[in-house]
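Reader: I am new to this structure and would be grateful for a close look at a single part of it. Please take one sheet, explain how its strands are paired, and then set it beside other parts of the model.

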Amino acid sequence: MINHISDLSHSLPTSVEALAKRLSKLHYADAVDIVNRLEFDDAVHVFVYLPIEYAIKLFDKPELQRSAKILEALPNEHAVSILNGMSADEATDVFQEMDNQTRQRLFAQLQPVTRTELKNLTSYPQHSAGALMTTEFIAVPSNYTVQHTLDYICEVERTRETVYTTYIVAPGTSELLSAISLRRLILAKPDDNVLDAAQHIKPVIITALTDREEVARLFRRYDLLSVPVVNGDKQVIGLVTVDDVLDAMTEEMNENTHRFGGMETIDQPYMRTNFLDMLKKRSGWLSILFIAEMFTATALQFFEGELEKAIVLALFLPLITSSGGNSGSQATSLIIRALALREITLKDWRKVITRELPTGLALGAILGIIGFIRIAVWQYTGIYDYGPHWPLIAFTIFCTLVAVVGFGSFIGSILPFVMKMLGFDPASASAPFIATFVDVTGIIIYFSFAAILLAGTLL
């Protein structure tokens with residue numbers, strides 16, 4: 001499919017108007033891929049010539065890049081028509097990305113219904129269900145018949161996010177009573193009461209402030225296509241669909257991947273991120289980590305005398321520090337995943353430590369044995385001569401690896417809990433941060449063991 005789209009983009013007409021005509025005959029996803037490859041000015045002109053309904057569908061695709069900037073560059077009337085026709089949740093996302101001046105100018109020209117929706121949806125926290133939801137749902141009173149409900153769906157389906165689920169509410173209070181799938185509606189008798197046809201099954205519900213990770217967990221647990229968002233009076237105020245959750249989780253994964261790599265999130269595709277933006281996104285964390293690594297040099301200076309007496313100890317420094325950092329990164333990855341999937345909570349931190357610390361010590365013992373064997377093999381085969389005290393050196397490496405890997409696992413497992421308790425994203429406990437921290441402590445542990453075990457021999 002990718003090759004097909006690439007070939008198609010090269011074969012499209014050079015005239016912008018002809019290009020728009022050709023795009024309007026493609027599947028929306030394929031058209032979005034081609035528009036994303038166009039130069040910015042060409043992309044703007046294409047939307048001028050595209051049929052307005054088709055343009056709206058493209059803007060409803062979160063995969064469309066530069067959507068806010070394209071809307072800013074379009075004629076006012078055209079931009080307003082697109083915003084009025086978009087799904088409320090997608091329009092909100094695009095609207096929030098615009099610069100403040102354009103946002104104010106367009107807001108005044110929108111339809112009253114669109115203005116109300118944007119005002120309400122932009123008031124919710126970014127990572128909440130309210131920021132994901134759309135207000136375009138189908139709800140009918142409980143005294144409707146099945147046929148009346150189907151007729152109503154046919155009447156409003158063009159203005160609704162999905163028709164697969166209809167919410168049944170109390171006639172007087174609009175309190176949510178039940179939900180019925182389109183399949184059950186079709187199979188039910190036309191004269192049946194819609195609430196009876198739904199069998200009075202209570203739907204899974206969320207509030208506007210429910211965290212989006214919790215929303216994703218509910219979708220996965222109950223195999224949902226959509227979930228209603230209710231207020232304090234159990235009235236439906238919005239709807240979150242599975243595609244919105246998938247888009248949100250993709251964005252969350254993107255953010256966490258960048259954080260775990262020790263850098264700020266890149267908003268644009270890699271090849272579209274300019275040199276200065278790339279420097280800005282990467283230099284901050286890299287500088288912080290570099291400054292933190294300076295403590296490594298300080299620790300080595302503290303043990304300068306030991307290094308002068310036994311230079312052979314320096315040969316194993318990369319081995320020691322990298323093993324501790326790798327162990328800590330493993331533990332951090334496991335805990336962050338478990339927290340995200342709600343397999344563990346903050347109150348489980350003691351249980352996690354009692355699992356990770358013995359595991360880390362056991363892993364350190366395995367690496368220590370491998371290190372001991374390596375030194376012995378090199379000594380006996382003549383690859384390297386560690387001197388007459390090589391067994392003590394090997395034992396020092398063994399003890400150090402047990403302690404450093406165990407300590408790395410401990411820090412790696414506890415740091416996500418600390419981050420979460422302080423109100424930060426656990427993914428901020430990045431692998432480079434763990435590695436830097438364990439580097440410094442690993443050097444201290446290594447030379448402390450060396451000072452004790454090699455006293456009177458090499459030291």
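Author: Within strand β6, Gly238 is the bridge partner of Val229. That pair belongs to a predicted model, and it offers a convenient entry to the sheet around it. Strand β5, residues 226-230, is joined to β6 by five bridges, and the two strands run antiparallel. In general, the strands of a sheet pair through backbone hydrogen bonds, in either a parallel or an antiparallel manner.

The sheet as a whole is open and consists of three strands in the order β4-β5-β6, with mixed pairing. Its edge strands are β4 (206-207) and β6 (236-241), each of which pairs on one side only. A helix accompanies this sheet: α15, residues 212-222, lies across β4, β5 and β6 and runs at about 70° to β6.

A further sheet may be described in similar terms. Three strands in the order β1-β2-β3 form an open sheet, again with mixed pairing. Here β1 (139-141) and β3 (176-181) each have a single partner strand, so one side of each is left without a neighbour in the sheet. From one strand to the next, the twist averages 30°. Strand β2, residues 165-169, pairs with β3 in the antiparallel sense over five bridges. Within β3, Ile180 is the bridge partner of Thr166.

Helices also pack against one another in this model. Two packed helices are described by the angle between their axes and the distance between the axes. For α19 (residues 317-340) and α20 (residues 349-381), the angle is about 150° and the axes are 11 Å apart. The crossing of α19 past α20 is right-handed. On the α19 side the contact is made by Ser323, Gln330, Ala331, Leu334 and Ile335, and on the α20 side by Val352, Glu356, Leu363 and Leu367. By type, the residues of this contact are six nonpolar, two polar and one charged.

There remains a pocket to consider. The second largest pocket holds about 1000 Å³ of space. It is lined by 33 residues, of which Lys57, Asp60, Gly85, Ser87 and Arg160 are the closest to its centre. Helices that each supply at least two residues of this lining are α3 (28-37), α5 (52-59), α7 (76-85), α10 (112-121) and α16 (242-260). The lining of the second largest pocket comprises ten nonpolar, seven polar and 16 charged residues.

Definitions and conventions
Residues numbered from 1 in each chain as written. Predicted model: local features only at pLDDT ≥ 70, side-chain atom pairs only at ≥ 80, totals over all residues. Heavy atoms only, no water. 1 Å grid on protein atoms, 1.4 Å probe; cavity = no way out; pocket = protein on both sides within 12 Å on 5 of 7 lines; lining within 4 Å. Points joined across faces, edges and corners; volume = space filled by probe spheres on them. Helix = DSSP H or I, 4+ residues; strand = E, 2+ residues; numbered from the N terminus. Nonpolar A, V, L, I, M, F, W, Y, C, P; charged D, E, K, R; others polar. Pairing = 2+ DSSP bridges. Contact = heavy atoms within 4.5 Å. Axes fitted to C-alpha atoms, helices over the stretch in contact; angles between N-to-C directions. Left-handed = near helix turned anticlockwise from the far one by under 90°.
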